Each structure stands twice: as C-alpha cells, then as structure tokens.
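Reader: Could you walk me slowly through one part of this model, beginning with a single helix and the strands it lies on, and then show me how the surroundings fit in? I'd like a connected account rather than a list.

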Amino acid sequence: MNQTKSTILIVDDDQSHRNMLKILLGKWGYVLEEADDGQVAIECVTKKTYDLILMDIKMIKVSGLVALEEIKKINPAIPVIIMTAFSSIQTAVDALQKGAYDYLTKPFDFEKLKITIQRSLEHTRLKKENSQLKDSLGKKFDSSKIIGRHETMRKLLKTISQVAGTDATVLIHGESGTGKELIAGAVHYNSNRKDGPFIKINCAAITETLLESELFGHEKGAFTGATRRKEGKFQLADKGSIFLDEISETSMAMQVKLLRALQEREITPVGGEKSINIDTRIIAATNKNLVDLIEKEDFREDLYYRLNVINLKVPTLRERSGDIQLLAQHFLQLYTQKNSRKIKGFTPDGMDKLVSHNWPGNVRELMNTIERGVILSTREYLGKDELQIEEKVIMSSRAQSATEQMFDLGDKTLYEVEKMAILKMLDKTGNNKSETARRLGIARRTLHLKLKDFGVMP
Ligand SMILES: Nc1ncnc2c1ncn2[C@@H]1O[C@H](COP(=O)(O)OP(=O)(O)OP(=O)(O)O)[C@@H](O)[C@H]1O
Ligand SMILES: [Mg+2]
C-alpha cells in the first residue's frame, strides 16, 4: 500500500481500548504509538510528526477537544480522527468544527474504521503531493521567468495579463519546446487562483483507462486494483487551475467526458454514481493543429470551441530569432550558476552558430545545447565547438534503415507485418499515438483497437 509505513498515534485513557486498536491497526500494517492522555498527546506532537492521530474525546485530565485545539496549533497538517461514544455526537460535531478530519462512534465498525483511516492518510498524501507540486512550479516560474522581447512575445504576455484574472478557459498552442507549460503557469500565477493549486496532467503520457481515473478519480472497487477511493486531478485542482497538456492525445470517448466537465462543471469518478461539482480553471495545451484533427474526425469540434475561449499562440523560436541572444545569455547564466562554472559569455562564432540555427526543438533545444556547452567547456567563452547542435539528419537516416529492414518479410503473416509496422512507427514517433495513426494513414481509434488486439494496451 504505502511505500513507507504510516505512523499513527493512538490517544485514549482506556488501556484495553488502546491495546485493541494496537492489535487491529498493527495487523493492517501501521506503525503505532500511544498516549494515555490529551496532555501526553500534545507533548508527542511537539516532538515529532505523525501521519494520523486517533483520539478519544473523553479523557480525565486533558480532553480530546482541548488536545485537538492545541495539536492543530502545533502541527495543523496532522489529521485527527476523533473517537466518541454515540451519545456525545454533538461533541463530535464540535470537534469537526475545531478541525478534526472525521469522527468515529464507539463501538467501532471495523470496516468503517479501516476506510476512514485509509481515506484520511490518502487525503494527507495528496495534499502533500499537491503542495510540493505547487512549490516546485512556483519556483520554476520564478527562476526562469518568461524571456522574450520580440513583438509576438510582447503581445502574448500582454494577452496573458489581460485574461489571467478571468476564469475563462485557455487553449495554448505552439510547437514542442516553445514554452507552453511556462505560459500555462503564467496564466495561473497571474490569476486570482494563484494561491490555489496548479495541477498538471499530460494526457499523452498514460493509457486511456488510467487517464480517466487520474482526471476524475475513482471509487473503491471501481476496477481491479482500485483498493481504495482516490480523488482525481479535477478535484485536486479545486480553487486552482488544471493544466491539460497534449489535449489532442485524448480518445474520442475521453473527449466526451472532458466536454461534460467543461460544460456542466461536473465530473463523475470512475465507478461512482454521483456527480461532483468542480471549481477549477481549465488550461489546455497542444502542439497539434486541432482544426486539422477535427477534419480527420480525431478531435471533437464542440470540445474545441469550449477550450478555445482564449487562444494563446506561442511563437516558435525561429519566428523570434531576435530573442535567441537574450535566451542564450539567460540560460548561460542559469547553467554556469547551477554547475558552478565561470564562463563569461559566447565567442562571436559561437553566437553566430546559435543565431543562424533554425531550432526545430525551440527554446528547449537551445536550453539543452547551452547546458551541454557549459558542462563541456573548459574555456572562458563558449565557442562553436562546445555548442553542439543535435544532428536530426543522422537520426532520420537511422530510422530509414529500420524501415528498410521492416520490409524483409521472410515468412511473416500479414498480422505479424502489421504489428511490426505499428510498433516500429510508435517507436519512431516516441509513442505518440495520434502521430503514429496519422503516419500510418489509419484512424486513432483503429490504432487503439489494434494495439488492444496485439495485447500492447489494456
Ligand atoms: N520564453 C522563455 N523564457 C525562458 N525559458 C523558457 C521560455 N520558453 C521556454 N522556456 C524553457 O524551455 C523549456 C521548455 O519549455 P516548456 O516545457 O514550457 O515547453 P512546451 O512547449 O511545454 O514543450 P513540449 O511541447 O515539449 O511539452 C522549459 O525549461 C522552459 O522553462
Ligand atoms: Mg509541455
């Protein structure tokens, strides 16, 4: 279940009750500590942190309610589940108002106890993940601000400042490496939702079934392996923004579900019956031409219009080659600092090489080239020899010979040949399904069916 075992503090002045919980929770794989009074619990929390506290309300010296208030002041992140006798339900309600995560009535329904513990631990885990993500994105956004003086970038930044404050859905498009994710971050961090989470999901990186549960969450038992309930990214992005990267890579079935999320502002977790309202701003990105995909019936037109309320086009680096110098200086500074090198700048032929290249991989390619240069260089200035630009030509000739080999049919069946062709193309496109389907001249859905048939996809 968890990689590291969760530690739970049991607080109860009834020793037999503590022992019973210790045996039970121990069996479920938790590490346990105990305290026989509210005051002892408070002291425990000042010394270390716990994943969860299970606390009785009625204790002779310091009651659960008092201890709860103190614990929330010392470490508000630890969830506290209150245990109470049925008769004091009002106290349980008070406890919830004072920040308890949940309450359980005695005598325990063990199944309910188990679920409540799991749910609260999952909740904390997600919250932690969420804030770590927010931290790292916040930092990333700060340190590598958006560099660019070219007219197209100025316009883009101006549009961002105009639309960030609204809740309108944003569709960002631009070639790979142009800075779409950075722009999405700028929209979020310049909006009224900036203190809320910025949750990112790459729709191309996971299989369709997994994507649905990642986005919308799932109920316990929704599918094999769903041993507990899980919140989806839409719920995690509550009061914040969700960034749907590579939106073109979603299947038609998924697009219907996304359309509903956008239109009705509600989602249904996998295996769930009730729909949940969502309060999140949607920012999507793509490096494909969605209008072309609509024509090929690979993308829903209605979803496109819902997404395309505000359209941000990120220019390629070759369209704004005047910015190359500026970006190069920026990345040089970044990587000399990071690698503790003392490189002062570029030689004239080094800079010439950078400015005259056409950068098919855009800012990311430039950034990688400079990082490599900084690491390789032994001189004070980076010259053309240290600035090694990746040779795409060599790659494509290699790919060509692979295709030639592919047509050595031997005594293969048509099925085998087809499987080989599809897998090779997937490999060539770096597992990009839409691109694979396009290049093979088949519909994305056909590709999915075939992959299923080959046993490559669930
Ligand atoms: N204008 C910019 N100023 C500074 N850094 C930038 C700029 N644009 C992009 N970068 C940096 O280049 C890298 C690539 O940017 P990003 O990941 O946002 O691109 P992308 O368009 O999402 O790429 P992909 O389509 O490959 O996912 C990141 O490290 C980002 O910080
Ligand atoms: Mg990206």
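Author: Happily! In this predicted model, helix α6, residues 151-163, lies across β11 and β12. Its direction makes about 155° with that of β12.

Let's look at the sheet to which those strands belong. It is an open sheet of five strands, paired in parallel, and the order is β7-β8-β11-β6-β12. β7 (198-202) and β12 (310-313) are the edge strands, and each has a single partner, so one side of each is left without a neighbour in the sheet. On average, and with direction ignored, neighbouring strands here are turned by 20° against each other.

One pairing in this sheet is worth following residue by residue. Strand β6 (residues 170-173) runs parallel to strand β11 (residues 281-286), and four bridges join them. If you want a single pair to click on, take Leu 171, whose bridge partner in β11 is Ala 284. As a general reminder, strands of a sheet pair through backbone hydrogen bonds, either parallel or antiparallel.

From here, go to the ligand. Ligand 1 has 19 residues around it, and those that come nearest are Ile 147, Ser 176, Gly 177, Lys 180 and Arg 364. Three polar approaches to its oxygen atoms can be followed. A polar side-chain atom of Arg 364 lies 2.6 Å from an oxygen atom of the ligand, and a polar side-chain atom of Ser 176 is 2.9 Å from an oxygen atom of ligand 1. Thr 178 takes part through its backbone: one of its N or O atoms lies 3.3 Å from an oxygen atom of ligand 1.

Now for the other five-stranded sheet. This one is also open, with parallel pairing, in the order β2-β1-β3-β4-β5. β2 and β5 (102-106) stand at its edges with a single partner strand each, so one side of each has no neighbour in the sheet. The average turn between neighbouring strands is 20°, direction ignored. Inside the sheet, β1 and β3 pair in the parallel sense over four bridges, and Ile 8 stands opposite Leu 52 in β3. Helix α1 (residues 15-27) packs on this sheet and touches β1, β2, β3, β4 and β5, with its direction at about 170° to that of β2. Helix α3 packs on the sheet as well, touching β3 and β4 and making about 155° with the direction of β3.

Further along the sheet, β3 and β4 run parallel and are joined by four bridges; Ile 53, for instance, has Val 80 as its bridge partner in β4. Strand β4 covers residues 80-85, and five of its six residues are buried, so it is largely enclosed by the rest of the structure.

Helix α2 (residues 38-47) belongs in this picture too. Its buried residues are Gly 38, Ala 41, Ile 42, Cys 44 and Val 45. They cover an arc of only 160° around the axis, which puts them on the same side of α2. The general rule behind such patterns is that an α-helix has 3.6 residues a turn, so residues three or four places apart point the same way. The cover over the buried residues of α2 includes β1 (7-11), β2 (31-35), β3 (52-56) and α3 (64-74). On the other side of the helix, Thr 46 and Lys 47 are exposed. At the start of α2, Asp 37 brings a side-chain oxygen to within 2.9 Å of the backbone nitrogen of Gln 39.

Two more residues round off the tour. Gln 235 sits in helix α9 (residues 233-236) and counts as buried, at 15% relative accessibility. Its side chain reaches the backbone nitrogen of Gly 232 at 3.0 Å. Leaving aside residues up to four places away in sequence, Gln 235 touches Phe 216, Gly 217, Arg 229, Ile 267 and Ile 276.

Gly 271, in the loop between β9 (266-267) and β10 (276-277), is exposed, with a relative accessible area of 58%. Leaving out residues up to four places away in sequence, Gly 271 touches Glu 219 and Ala 222. Its C-alpha atom is separated by 9.9 Å from that of Arg 229, a residue 42 places away along the chain.

Conventions. Residues numbered from 1 in each chain as written. Chains lettered and ligands numbered in written order. Predicted model: local features only at pLDDT ≥ 70, side-chain atom pairs only at ≥ 80, totals over all residues. Heavy atoms only, no water. Pairing = 2+ DSSP bridges. Helix = DSSP H or I, 4+ residues; strand = E, 2+ residues; numbered from the N terminus. Axes fitted to C-alpha atoms, helices over the stretch in contact; angles between N-to-C directions. Contact = heavy atoms within 4.5 Å. Buried < 20%, exposed > 50% of the residue type's maximum accessible area, 1.4 Å probe, protein only. Arc of directions from axis to C-beta. Polar contact = N/O pair within 3.5 Å; in protein donor to acceptor, adjacent residues only side chain to side chain. Near = heavy atom within 4 Å.
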